[in-house]
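Have a look at the two chains below and at the place where they meet. We will start with a pair of charged side chains and work outwards from there.

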Amino acid sequence: MNRSRLQEIIAEELLNIAPEAELGSVEPNTDLREELDLDSLDYLNLVIAINHRLHIQIPEADYGRIASLNALLDYLEQASQSA
Amino acid sequence: MSELTMPSFGADMDAGTLIEWRIKPGDSVTKGDIVAVIETMKGAIDMEVFEDGTIEALLVDEGDKVPVGTPIASIATAGAASTEPVAASAVTTAAVATASASALPASAPARAQTPTSGEPRARILASPLARSRAQQYQLDLSGIRGSGPGGALLLADIERKHGAKHPVKPAAARVKPGIDRSAMRQAIAAAMAKSKREIPHYYLASTIDLSETLSWLEARNQARPPEQRVLLGALLIKATAAVLKQVPELNGFYRDGGFQPSGAIHVGMAITIRGAGLVVPALLDADRQPLDALMENLRDVSARARQGGLRSSEMSAATITVTSLGERGVEAVYGVIFPPQVAILGFGSPCTRPWVTKDGGIEARTVMRVTLAADHRVSDGHLGARLLRLLEKQLQAPESL
């Protein structure tokens, strides 16, 4: 799956979780949770949605590697290629 | 005959707007059924009925705003309706399921598959939430594959099954008026001003080493798919409920000039509604829910707090509140008691700090500040300190939760 499609899916799911969030203004290299004011439950819901949509299970231990939007997309790109 | 009245979902609510009737005259209802949707300053709430009976008349129209306590429907209750027996055909599936076993002598095999709260639960493992949702959808548990531990049915399994039968529910299917931000602000202002005016708060704080607790939780979550992972928040609520049994003076209501302890432990949790404020729905009987079920309950209630669909019992029942600013980097949060409750616990962000260990060494440990604000009319600091001490001890032994 290519990066722009992945980004679309993330954007859709983030909109479900935080309808008020302004995705257009997200700086892709800063902490996503800070940018969108996501709490731990919102974040878990994002990880659950990613699992449903992309069949990629992100372990808690990897949370540090997916902090920014770009890092998350890198991670998913890699995971979907190796799957 | 009795009346259903406009319920109060908090000390700060004086009126509500009936935006949707879910029943009509002649309908049979069972305790816990949702009869109406009420719009309040806290968003749309599903109103439950608290007795079995038959609806006789609706006394207000959809769209009417009426004061708390106004009769909105009349209902013939089971006891009062003895002269006018309810036709068997009108009894809902739920009513049949909860009827006494002697009323259904010939249907034993069928009953074995019927999910009811009174039946032994030996055959089908399911979380309480999954069970009640299945009953609501009238689904047979035996026909559903469980994805939980040991094949247990979880809420997600029920929703998946229901979704397969009722595909593509349009987003506008349920009435969902937006949350009125200024009204929510007013509701918070009224409740908090009343609290600070009337409740003599005392405050305690304690720092708890969470390192072992977090390692335990990480290990437990490691092999699980995301929907079965448990967040620290659920563990803290479970621990709170577990230790409150030993400090009943902090669990209940201050009403009519005195303290009324509560046998049940319903833990209210403050949930932020982005840009609007917060609501404090309760996790009912938190002490009796296993950790996984409590986590499922927490996710479900949080989603409904933000999208509408909280139940009246969840809005008014909390016997204590917990608040947490999550990972916002705040070390301590000092709560304001939500009247008529008598205590609120605040959980700060876990953070790494130098910590003197039992053998006198210094280590980097993950610690958390826990605060308690309690009502001095009901308890003293000595008792509050006991709760914090018990909580610390409990959190060092998470496996017992």
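In this predicted model, the side chains of A:D42 and B:R306 meet in a salt bridge, with N and O 2.8 Å apart. Side chains of opposite charge can pair when their charged atoms come close. Between chain B and chain A the count is two salt bridges, and five residue pairs are in polar contact, with both partners at pLDDT 80 or more.

Which parts of chain B supply at least two residues each to the side that touches chain A? They are α6 (211–222) and α8 (291–307) of chain B. Of these, α8(B) gives the largest share, five residues. Sorted by class, the side of chain B that touches chain A has 10 charged, five nonpolar and two polar residues.

How much area do chain B and chain A bury between them? The value is about 1,700 Å², and 45% of it lies on carbon and sulfur atoms. The size of an interface is often given as the accessible area lost when the parts come together. Taking part in the contact are 23 residues from chain A and 17 residues from chain B.

Let us stay with α8(B) and turn to a helix that packs against it. Helix α7 (residues 232–244) of chain B and α8(B) lie at an angle of about 115°, their axes 9 Å apart. The crossing of α7(B) past α8(B) is right-handed. On the α7(B) side, the contact is made by B:G233, B:A234, B:L235, B:I237 and B:K238, and α8(B) adds B:L291, B:L294, B:M295 and B:L298. By class, this contact has seven nonpolar residues, one polar and one charged.

Back to salt bridges: a search of the whole structure finds 22 of them over all chains. One is formed by A:D74 and A:R3, whose closest N and O atoms are 2.8 Å apart. This pair links distant parts of the chain, 71 residues apart: A:D74 sits in helix α4 (residues 69–82) of chain A, and A:R3 in helix α1 (residues 3–17) of chain A.

Finally, here are two backbone features to find in the loops. As background, most residues other than glycine have a negative phi, and most peptide bonds are trans.

| Backbone feature | Angle | Place |
|---|---|---|
| Cis peptide bond from B:P339 to B:P340 | omega near 5° | B:P340 is in the loop between β17 (320–324) and β18 (343–347) of chain B |
| Positive phi at A:D37, a residue other than glycine | phi near 55° | A:D37 is in the loop between α2 (32–36) and α3 (40–54) of chain A |

Key
Residues numbered from 1 in each chain as written. Chains lettered and ligands numbered in written order. Predicted model: local features only at pLDDT ≥ 70, side-chain atom pairs only at ≥ 80, totals over all residues. Heavy atoms only, no water. Contact = heavy atoms within 4.5 Å. Buried area = accessible area lost by both parts, 1.4 Å probe. Salt bridge = Lys/Arg side-chain N within 4 Å of Asp/Glu carboxyl O. Polar contact = N/O pair within 3.5 Å; in protein donor to acceptor, adjacent residues only side chain to side chain. Helix = DSSP H or I, 4+ residues; strand = E, 2+ residues; numbered from the N terminus. Nonpolar A, V, L, I, M, F, W, Y, C, P; charged D, E, K, R; others polar. Axes fitted to C-alpha atoms, helices over the stretch in contact; angles between N-to-C directions. Left-handed = near helix turned anticlockwise from the far one by under 90°.
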